[in-house]
Structures are given as structure tokens and as C-alpha cells.
Amino acid sequence: MNFMALEALRAFVEGGSIAEASLRIHRSPSQVSRLLAMLEEEAGFPLLLKEGRRLSLTEQGQGFYQRIDEMLRAGDAVREYARGARRKSRTHVNVLVAQHLIEGLLVDAVAGAVQEDNAFGVTINARMPPNVDAWISQQQFDLALAQLPVEHPLLTTEILAESRAVAVLSGADPRAAQAVITPRILGQGRFIGLPQRGALHHRYARAFAQAGYEPDAQFDVSFGFIACQLAVRGCGAALSDPLSALSQIHLGAQIRRFEPETPLQYGLIYPKARPPSPAAQLLIRHLRAVAADKLRQVEALVAAAPADGAPKPRRRQPRGA
């Protein structure tokens with residue numbers, strides 16, 4: 001089948017119209033229409049249905065598209081690999097990153113690397129599913145950032161920074177008056193939970209078991225940074241990694257120490273068969289500096305939290321007063 005015709009169909013589906021498809025593949029609307037007509041002729045059944053002035057996929061067209069989309073995405077991956085291979089490894093890094101570490105860590109590190117070397121470039125892929133070990137092992141990359149542990153025989157992991165989970169609340173939440181948040185304090189109001197298969201959930205679940213109390217979650221969200229955003233907007237209290245929490249400070253996030261202490265590790269991950277390139281080493285150096293600085297900021301915020309809301313003991317009056 002004509003490859004450009006397949007690309008035209010994908011552009012039509014993603015763009016929603018012939019006009020948008022023409023912009024995506026740099027062809028005129030009439031050329032796109034001819035390509036789609038050619039594809040229908042090759043397929044031997046109608047792919048598009050006209051309803052008034054609107055075109056949409058037929059039922060057969062939807063099934064056809066699902067199959068060619070997989071093929072086209074594989075082609076995209078091959079082209080991306082070829083582009084990466086053409087780039088000089090000394091100046092470009094292909095990075096896989098967990099979503100919550102983009103704003104909290106990666107963006108500042110990339111900015112620092114660019115300031116040091118104007119030729120530095122980066123490709124960022126933030127599609128990080130729960131089964132991170134298997135997914136990373138299937139990708140072409142130079143460096144990955146994720147919470148540890150990540151274990152796979154084809155990967156090498158290294159600790160970037162160590163910290164501990166924190167509680168995130170809005171300033172209006174009465175629990176923010178406490179300097180230390182415990183599971184029982186979380187249970188005094190709404191709690192925003194994370195998916196059971198996530199790394200952070202496993203860690204705070206152990207802390208709940210250690211404390212002998214598990215608060216009910218009124219919310220369940222896929223990512224920690226979403227939990228933080230909900231917490232800041234008064235939807236409840238969340239437990240978070242400190243970098244995600246820090247990224248919400250500008251919105252008024254209150255960060256508090258969480259006990260029992262819940263250790264976290266941020267990790268650097270490399271393909272075992274390929275050591276970090278000079279460009280990757282440059283980025284790693286800036287990642288370490290940014291992580292250390294931001295974790296110091298979190299510790300300062302936690303240390304500056306108000307004293308617990310318990311009544312303070314009265315001073316003794318001097319005798320004879």
C-alpha cells in the first residue's frame with residue numbers, strides 16, 4: 001500500500017478534517033483527498049463515511065486504522081532511532097523520565113547543561129507506565145530518570161539522590177497546623193491516594209502498617225503530581241515525593257514531614273551495554289546539582305513548618321508574683 005496514503009489517513013484521524021490533515025503532511029487538501037481515495041481503492045472497502053459536510057471513519061475503517069496505526073508508530077520509532085544515531089552523541093541525550101520529575105528536576109538540569117554547552121540537545125520521552133522495568137528495557141535511550149527500585153538485567157541503575165516522602169496540604173487545611181503528619185492525622189480529613197501498583201503507594205502502605213492505622217482515600221489518582229495539585233486546591237492531603245511537592249509551592253502548597261519516615265530514592269538508569277556519553281555525563285552533573293539544591297529547599301520548608309497545634313505548656317510564674 002502507498003505509504004503516503006497511510007500517513008494521510010493517520011493525519012486525517014488525528015487532525016479531524018481534510019484541511020488539518022493537509023497541514024500535518026504538507027500536502028494540499030485535494031492531494032489528501034486523492035490519497036485517501038487511492039487507499040480506499042487498495043483496501044477494497046469504504047474507509048470514510050460522509051455525514052453532511054463531515055467525514056468520519058466507517059466501522060471497517062476504524063479497524064483498518066487501528067492496525068496501520070501500530071505499523072506507522074513502529075515506523076516513527078525507527079525514524080527517531082535513525083535521527084538519534086545521526087546526531088553526535090557528544091552533544092545530544094535521549095532521556096526517558098517519569099512525568100513528575102520533568103518540572104521538578106529535569107527542566108532546570110537541561111537549562112544548566114545548555115548554559116554550559118550551547119551545542120547540548122535533548123530528546124525527552126515522558127511516557128513512563130507503572131511497569132517501568134519492562135517498558136524502559138524496550139526503549140532506545142541514553143539516560144532514564146525514575147524512582148528506584150528499577151531492576152532489569154539489561155539496565156544499570158545508580159542513585160541520584162535520596163530523600164523521604166512528605167505530606168502536602170493547602171494552607172486552609174487544619175492539618176497544616178501540625179509540623180509532623182502521621183497516618184492518624186491524615187485520617188482526620190480527606191486523603192488523596194495513589195494507585196496500588198505505584199512505588200510510592202507501596203512505601204507509604206508499609207508506613208501505615210507500621211503505624212497500625214490506614215486512612216481511607218476519598219481520591220485515587222495515577223500520579224503524585226496530580227495528588228499534589230488536588231491537595232493544594234483543598235481537596236485533601238496527599239503524600240508525595242519532595243520534588244513533586246516543591247513544584248507546587250508557587251500555588252501555596254504546605255509541605256510537612258511525614259512519619260513514620262518513608263525513604264525514597266531517585267535513580268539514574270542506563271543501558272548496560274552503553275556507558276553514558278559525554279553529553280549524558282554533562283546532564284547527569286547538572287541533575288545531581290539541581291536535585292541536591294531542591295532537596296535542601298524542601299528540608300528548609302519542612303524545618304520552618306509551624307509548631308504542632310497542641311497547646312503550649314504555660315510558663316511557671318515566679319514565686320511571689
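In this predicted model, R24 has a relative accessible area of 40% and is therefore partly exposed. Its side chain meets that of E20 in a salt bridge, with 3.5 Å from N to O. E20, at 29% relative accessibility, also counts as partly exposed. Both residues belong to helix α2 (residues 18–25), and because they are four residues apart there, about one helical turn separates them. The pair is part of a network in which salt bridges with shared partners join E14, E20 and R24.

The count of salt bridges comes to eleven, and among them are pairs that span longer stretches of sequence. K294 forms one with D108, the closest N and O atoms being 2.9 Å apart. K294 lies in helix α11 (residues 278–303) and D108 in helix α5 (residues 100–116), so this salt bridge ties together parts that are 186 residues apart in sequence. K294 counts as buried at 13% relative accessibility, whereas D108 is partly exposed at 37%.

Helix α11 also holds E299, whose partner R164 lies in strand β6 (residues 155–164), so that pair links parts 135 residues apart in sequence. The side chains of E299 and R164 meet at 3.7 Å, N to O. E299 has a relative accessible area of 34% and is partly exposed.

R164 appears again around T262. T262 sits in the loop between β12 (254–258) and β13 (263–271), yet counts as buried, at 2% relative accessibility. Leaving aside neighbours within four places in sequence, T262 is in contact with S163, R164, A165, R203, Y204 and A207. Its side chain also reaches the backbone oxygen of P260 at 3.1 Å.

Y204, one of these contacts of T262, leads to the nonpolar interior. The largest nonpolar core has 32 residues, and those with the most contacts inside it are V168, L186, Y204, F208 and L239. Not counting residues up to four places away in sequence, F208 touches P183, L186, F191, Y213, E214, P215, L239 and F258. Apart from this core lies another, of 29 residues, including F120, L143, L145 and Y270. In soluble globular proteins, nonpolar side chains tend to be buried together.

A further element is the hairpin of β1 and β2. Strand β1 (residues 48–51) pairs with strand β2 (residues 54–57) in the antiparallel sense, over four bridges. E51 stands opposite R54 in β2. Two residues lie between the strands, and G52 takes a positive phi near 70 degrees.

Technical notes: Residues are numbered from 1 along each chain as its sequence is written. This is a predicted model: local features need pLDDT of at least 70, side-chain atom pairs count only at pLDDT 80 or more; totals for chains, interfaces and linings use all residues. Side-chain values use heavy atoms; hydrogens and water are left out. A nonpolar core is a set of buried Ala, Val, Leu, Ile, Met, Phe, Trp, Tyr and Cys residues joined through side-chain atoms within 4.5 Å. Buried means under 20% relative accessible area, exposed over 50%, partly exposed in between (1.4 Å probe, protein chains only). Contact means heavy atoms within 4.5 Å. A polar contact is a pair of N or O atoms within 3.5 Å; within protein, one must be able to donate a hydrogen and the other to accept it, and residues adjacent in sequence count only if both atoms are side-chain atoms. Two strands pair if DSSP finds at least two bridges between them. A salt bridge is a side-chain nitrogen of Lys or Arg within 4 Å of a carboxyl oxygen of Asp or Glu.
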